Amino acid sequence: MKIRIHHPILIASILLLISCGGKEEKKEGFGIDRSKSTEKSAEAAPAIDQVPASQRITLDDKGVGQIKDITLDAEINKEMAAAGGALYKTNCTACHKLDKRFIGPSPIGILERRSPEWIMNMILDPKLMTEQDRCAKDLLIEFNGAAMSNQNLTVEETRSILEYFRTL
Amino acid sequence: MKKYTYQLFALLGSALMLSSCGNQNGNSSSGALNSSNAEKVYVAPGEHDEFYAFMSGGYSGNLTVYGLPSGRMFKEIPVFSQFPTSGYGYSEETKPMLETSHGFVPWDDSHHPDISQTNGELDGRWIFINGNNTPRIARISLTTFETEEIIEVPNSAGNHSSSFVTENTEYVVAGTRFSVPIPQRDMPINEYKGNFQGALSFISVDPEHGHMDIKFQIIMPGFNYDLSHPGRGKSHGWFFFTTYNTEEANSLQEVNSSQNDKDFIAAINWKMVEEYVNNGGGKKVPANYAHNLYDESTHTATSTMKKEVLTVNPLDVPGAVFFLPTPKSPHGCDVDPSGEYIIGNGKLSADLTVHSFDNMIAAIEGKKFDGEAYGIPILKFEDVLAGVVKSGGLGPLHTEFDGKGNAYTTFFISSEVVKWKLGTWEVIDRKPTYYSVGHLMIPGGNSRKPFGKYVVALNKITKDRYLPVGPEMEHSAQIYDISGEKMELLYDFPTHGEPHYAAGIPAELLAPKSKKIYRLDENKHPYAVLTPDQARVERKGNEVHIYMSTIRSHFTPDNIEGVKVGDKVYFHITNHEQDFDVPHGFAMIGQNTSELLIMPGQTKSSVWEPKKPGVWPFYCTDFCSALHQEMQGYVRVSPADSNIELSWSLGED
């Protein structure tokens with residue numbers, strides 16, 4: 001957890017509280033009441049920012065990059081999905097866990113929020129995407145500025161990871 | 001600044017006086033000319049240089065990579081010396097690279113890089129370099145720019161006339177500067193004469209993988225074998241070595257090795273010797289030397305001690321070895337691109353001696369000998385001589401070629417480069433160097449196809465060329481434009497260590513194949529973790545193996561408990577990045593070794609022996625992302641008798 005302290009007087013008063021605290025209520029560390037910085041900035045920002053980027057639905061956004069148009073077959077290609085699952089495990093799980101938000105978001109449900117093209121462009125060239133795609137840029141901010149790594153995957157490999165995401 | 005220069009000039013009096021010709025400050029060109037020279041070495045931001053230049057590191061033991069014409073340094077490649085920057089020679093994987101028959105030797109004196117050739121032209125696969133002090137030859141990949149192999153050379157001492165490759169990289173050749181007792185034994189030093197010998201080693205290079213193996217050693221009379229170069233074109237199959245101390249003095253060589261008016265260039269018909277050993281010739285003798293090989297797929301080196309070497313007595317292969325008398329302790333030994341001219345530069349002479357290969361063959365066929373030395377025929381000086389370059393300079397050392405019929409020779413004592421014409425021996429131009437030049441380098445200048453646009457002079461004395469930094473300073477190189485009739489001094493740049501020789505190659509031959517990352521799916525390191533869920537900690541007695549992975553910007557795991565005082569903790573770290581130029585570093589507080597710098601897809605290991613209980617931090621040393629400062633972790637170390645279980649985690653509440 002990242003703790004940002006803006007107010008020296010606030011710190012001083014907290015420290016004071018700790019030093020005078022009752023014996024039976026032994027505190028470990030310290031906590032600060034604060035509202036999330038993203039929520040704060042949302043007040044003044046345009047409507048789109050009111051929803052955190054991770055929860056926005058941007059299915060019309062194909063992103064920026066070499067993938068312009070993808071048509072998904074109705075049926076999931078199991079072989080391709082299995083290959084994609086293996087690649088996901090090697091290249092992505094350091095930051096993306098299925099069961100929780102980690103360094104980056106979980107891919108579960110991503111196809112309900114992002115277009116297939118956007119997903120592939122994000123994997124293939126995250127730097128370009130965070131520079132030029134609004135949603136990718138906002139996600140970078142929402143996830144503490146932890147830039148997504150370019151894992152040098154081919155279009156074919158990336159496509160198979162997309163297929164794997166369809167199985168989640 | 002000006003005042004400062006004058007003061008230094010006073011100090012420099014003696015050095016400058018040695019420079020025989022005028023134009024001593026190099027600033028005499030007009031302003032307009034200076035600005036055009038500036039343009040010639042200017043490589044605009046983001047643009048690339050035209051040539052790579054690989055400079056030997058001398059006493060740094062390494063090899064540095066520069067761009068020409070800009071003189072910008074790109075990389076120091078660790079070869080014979082431990083290199084804490086990357087962990088080379090400190091990491092468990094690379095410690096074996098520095099093993100020798102004398103044990104772990106963490107340093108050497110690297111001298112003469114030479115790029116592999118095919119048909120006498122640079123092919124850009126590997127670059128070889130010699131360790132002079134504890135005789136070794138290294139092979140460096142020119143796709144990873146990392147040292148891949150080091151072979152020790154037995155029976156050798158002062159591995160100086162090395163490491164030059166034959167026309168198709170059949171052999172990389174290593175000659176001994178010191179003659180020594182072979183095999184080594186306890187004997188009086190003053191019985192040197194007639195008892196010490198010099199080994200010339202022909203190390204075969206596997207054409208596919210580059211792996212080196214000593215094919216044979218020619219055991220020569222006890223002279224000093226100073227430098228060498230292969231024949232090329234019509235003289236391909238021969239190798240030429242300069243010798244000095246044919247007096248076989250064992251003390252005060254400064255005087256005693258300079259008595260003979262002529263020493264020799266030894267001409268070796270290695271193809272004949274090769275045929276002789278291929279037919280069972282030669283004598284296998286006991287030896288002990290290290291062969292260290294780095295495997296790119298396991299990112300790990302292994303060291304093997306070899307126990308035997310094949311030696312050849314030159315008298316057993318008649319017609320394979322001859323001596324060409326050459327005046328005044330010749331140093332440089334260079335062969336022109338056609339293979340006809342063999343140039344021996346008598347370092348105590350004013351003139352250059354040029355031998356003719358055709359004359360040599362004719363003299364051998366006519367059996368016109370002028371006696372023998374230890375049974376090896378000596379050819380008549382006049383019979384093999386092609387010509388003499390009367391240069392007027394002092395102390396000629398080394399010669400390179402531009403492929404347009406010209407040769408360029410350095411003069412150490414008179415501190416200049418002299419351009420002369422092959423065949424007519426006339427001096428065309430001479431330019432001073434600052435100061436006291438040793439080798440010089442034209443890209444491809446010792447091959448059949450030189451790229452004669454620039455020559456770089458590698459100077460031995462720097463003195464006032466740069467802002468002063470105390471008594472110890474870097475050496476200085478100077479680049480000259482040689483595209484015209486006259487040489488034009490363009491630029492000075494400092495070089496790291498003490499570059500002796502250098503090798504240059506057009507950038508277009510190397511840049512496209514330079515590796516960007518190591519592929520994770522090709523990583524065969526036994527301690528690699530290829531997916532983060534394999535990250536773990538294992539205990540084997542008092543050894544603790546931490547299998548760790550990294551990606552921007554965290555270690556997996558980053559909290560480790562259950563380590564005890566007295567444990568030997570191995571960090572095996574795999575960098576899961578697959579993007580160009582995203583290394584991660586690893587440093588552990590109080591660790592008695594260097595950091596690790598781990599390239600994308602690579603695994604490296606280092607050992608930590610914690611001495612005190614506590615919670616000890618480690619962190620990433622390479623600024624990897626905006627969250628680099630967050631890339632850190634802790635190891636809890638408990639007393640030796642504690643019963644804390646091993647555990648590890650990342651981001652668990």
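Here is a quick tour of a predicted model with chains A and B, from chain A to the cores and then the place where the chains touch.

## Chain A

Let's start with chain A, which is all helix as far as its elements go: 8 helices and 0 strands. Read from the N terminus, the order is simply α-α-α-α-α-α-α-α.

Chain A has 168 residues, and 27% of them count as buried. If you take the contacts in chain A with a separation of 6 or more, 75% come from residues 24 or more positions apart.

## The cores

Now for the largest nonpolar core, which has 119 residues. Those with the most contacts inside this core include A53(B), I203(B), I268(B) and M441(B). Strand β13 of chain B (residues 212–221) gives the largest share, 6 residues. This core also draws on two domains of chain B, with at least three residues from each: domain 1 (1–37 + 391–515) and domain 2 (76–222 + 238–328 + 355–387).

Take M441(B) as an example: setting aside its neighbours within four places in sequence, M441(B) is in contact with A53(B), V455(B), V456(B) and Y501(B), among others. Apart from the largest core there's another one, of 29 residues, with V544(B), V563(B), F618(B) and C624(B) among them.

## Where the chains touch

How many residues does each chain put into the contact? Chain B gives 20 residues and chain A gives 16 residues.

On the side of chain B that touches chain A, the elements giving two or more residues are β36 (543–551) and β37 (554–556). Sorted by class, that side of chain B has 9 polar, 7 nonpolar and 4 charged residues.

Key
Residues numbered from 1 in each chain as written. Chains lettered and ligands numbered in written order. Predicted model: local features only at pLDDT ≥ 70, side-chain atom pairs only at ≥ 80, totals over all residues. Contact = placed C-beta atoms within 7 Å. Helix = DSSP H or I, 4+ residues; strand = E, 2+ residues; numbered from the N terminus. Nonpolar A, V, L, I, M, F, W, Y, C, P; charged D, E, K, R; others polar. Buried ≥ 20, exposed ≤ 12 C-beta atoms within 10 Å, placed from the backbone. Core = buried A, V, L, I, M, F, W, Y, C linked by C-beta atoms within 7 Å. Domains from an automatic or database assignment.
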